[in-house]
Number of protein chains: 2
Amino acid sequence: MQSRKSKQRELVLKVLTGTRSHPDAEWLYEQARKEMPGISLGTVYRNLRLLKARGEIQEILSGTSGSRYDATVDNHYHLRCLSCGSVHDIDVPVREDINAEVEHATGFSISHHHLEFHGLCPSCRPGTPLSQSINLQG
Amino acid sequence: MQSRKSKQRELVLKVLTGTRSHPDAEWLYEQARKEMPGISLGTVYRNLRLLKARGEIQEILSGTSGSRYDATVDNHYHLRCLSCGSVHDIDVPVREDINAEVEHATGFSISHHHLEFHGLCPSCRPGTPLSQSINLQG
DNA sequence: GTACATGCAAATGATTTGCGTTCTT
DNA sequence: AAGAACGCAAATCATTTGCATGTAC
């Protein structure tokens, strides 16, 4: 937990906070480079891990390709387009009550839950093949 | 979709169906080898991918380490222990209604959702460190 | 001054893939 | 016979890490 301040860490967080998309490490690296050309990809990864451990950002797992990251702090749900791969935040009430329900049913002590919806975004409805566009801006 | 039968594929599915744990590819490979020593890890991966594409099995993503797999076909939720990493199925009613809710709220057409709970399993309560046991049997 | 953070490059580890061969239909 | 699927090993790709140096406190 003892971590010092660093320009690089602040920049990574700033870049991530500054977008509504849910970018991967590579994209964050490219953006960060624009402002600090010397920053390294390793440092981006190191800081993403640290920020996640601190609870300041969230990691969104993905089977293929790399993880996406999200700087939104409050609990919320995600929506992923099966065609273009974009990830969006959803403005739907979080069901905190189900944690207690699961605690009683299982004997675990639940700290949180992740809910992700999969479907097709409006632009992909017609049946756009996956390869056509990987849209990070959502 | 044109896929032929193969002893290897049947075996991988049999092994996965035969356990209530949610093993990774390596574990499935080791088990499969007991019955068919010549099977290769690449084949296990190939078949896991094919079976998943067919909808016969499910992939459980995990940030660190490899994916876990689940042969349970009907929709259900997962519970992961933050300490030992074990994954369990939960017997809690699936909320199909929230798909429609999200469709209306977002304009996406939702096909399904994934819900995963994180917490500590009864055996890990005291505060067992992560490294002590990676329990695949749950 | 201490020890955390960085840049760089090499290493890791899960998963995929190319290729020649074997099996299913 | 055609082309799936296999075994094997090399390749890929995201992410991690060792090391020497820089920097925050």
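The paragraphs below follow this predicted model from its DNA contacts, through a helix pair in chain B, to a sheet built from both chains.

The surroundings of DNA strand D make a convenient starting point. Around this strand stand 19 residues, and the closest of them are A:Tyr45, B:Arg4, B:Arg9, B:Thr43 and B:Arg46. When the strand's own atoms within 4 Å of the protein are considered, 69% of them belong to sugar or phosphate, while the rest belong to bases. Both kinds of partner appear among the polar contacts: the side chain of A:Tyr45 places an N or O atom 2.4 Å from a phosphate oxygen of DNA strand D, that of B:Ser6 places one 3.1 Å from a phosphate oxygen of the strand, and a polar side-chain atom of A:Arg4 lies 3.0 Å from a base nitrogen. The elements that contribute two or more residues to this surface are α3 (41–54) of chain A and, from chain B, α1 (7–17) together with α3 (41–54). Sorted by class, the surface near DNA strand D comprises two nonpolar, ten polar and seven charged residues.

DNA strand C is likewise surrounded by 19 residues, of which A:Arg4, A:Thr43, A:Arg46, B:Arg4 and B:Tyr45 come nearest. Of the atoms of DNA strand C within 4 Å of the protein, 67% are part of sugar or phosphate, and bases supply the rest. A:Arg4, already met at DNA strand D, also has a side-chain N or O atom 2.9 Å from a base nitrogen of DNA strand C. A polar side-chain atom of A:Asn47 lies 3.0 Å from a phosphate oxygen of DNA strand C, whereas for B:Arg46 the partner is a base oxygen, at 3.5 Å. Here the elements giving two or more residues are α1 (7–17) and α3 of chain A, together with α3 of chain B. The residues of this surface divide into two nonpolar, ten polar and seven charged.

Within chain B, the two helices named at DNA strand D also meet each other. The axes of α1(B) and α3(B) come within 10 Å and cross at roughly 75°, and the two helices are therefore roughly perpendicular to each other. From α1(B), B:Gln8, B:Arg9, B:Val12 and B:Leu13 take part in the contact, and they meet B:Thr43, B:Val44, B:Asn47, B:Leu48, B:Leu50, B:Leu51 and B:Arg54 of α3(B). This contact contains six nonpolar, three polar and two charged residues.

The remaining part of the picture is an open sheet of six strands with mixed pairing, whose order runs β4(A)-β3(A)-β5(A)-β5(B)-β3(B)-β4(B). At the edges stand β4 (87–90) of chain A and β4 (87–90) of chain B; each has a single partner strand, so one side of each is left without a neighbour in the sheet. Neighbouring strands are turned against each other by 30° on average, direction ignored. In chain A, strand β3 (residues 77–81) pairs with β4(A) in the antiparallel sense over four bridges, and A:Tyr77 stands opposite A:Ile90 in β4(A).

A helix from each chain packs on this sheet. Helix α4 (residues 97–106) of chain A touches β5 (109–120) of chain A as well as β3 (77–81), β4 and β5 (109–120) of chain B, and its direction makes about 115° with that of β5(A). Helix α4 (residues 97–106) of chain B, in turn, touches β3, β4 and β5 of chain A together with β5 of chain B, and its direction makes about 115° with that of β5(B).

Methods: Residues numbered from 1 in each chain as written. Chains lettered and ligands numbered in written order. Predicted model: local features only at pLDDT ≥ 70, side-chain atom pairs only at ≥ 80, totals over all residues. Heavy atoms only, no water. Near = heavy atom within 4 Å. Polar contact = N/O pair within 3.5 Å; in protein donor to acceptor, adjacent residues only side chain to side chain. Nonpolar A, V, L, I, M, F, W, Y, C, P; charged D, E, K, R; others polar. Axes fitted to C-alpha atoms, helices over the stretch in contact; angles between N-to-C directions. Parallel < 35°, antiparallel > 145°, perpendicular 65-115°, else oblique. Contact = heavy atoms within 4.5 Å. Pairing = 2+ DSSP bridges.
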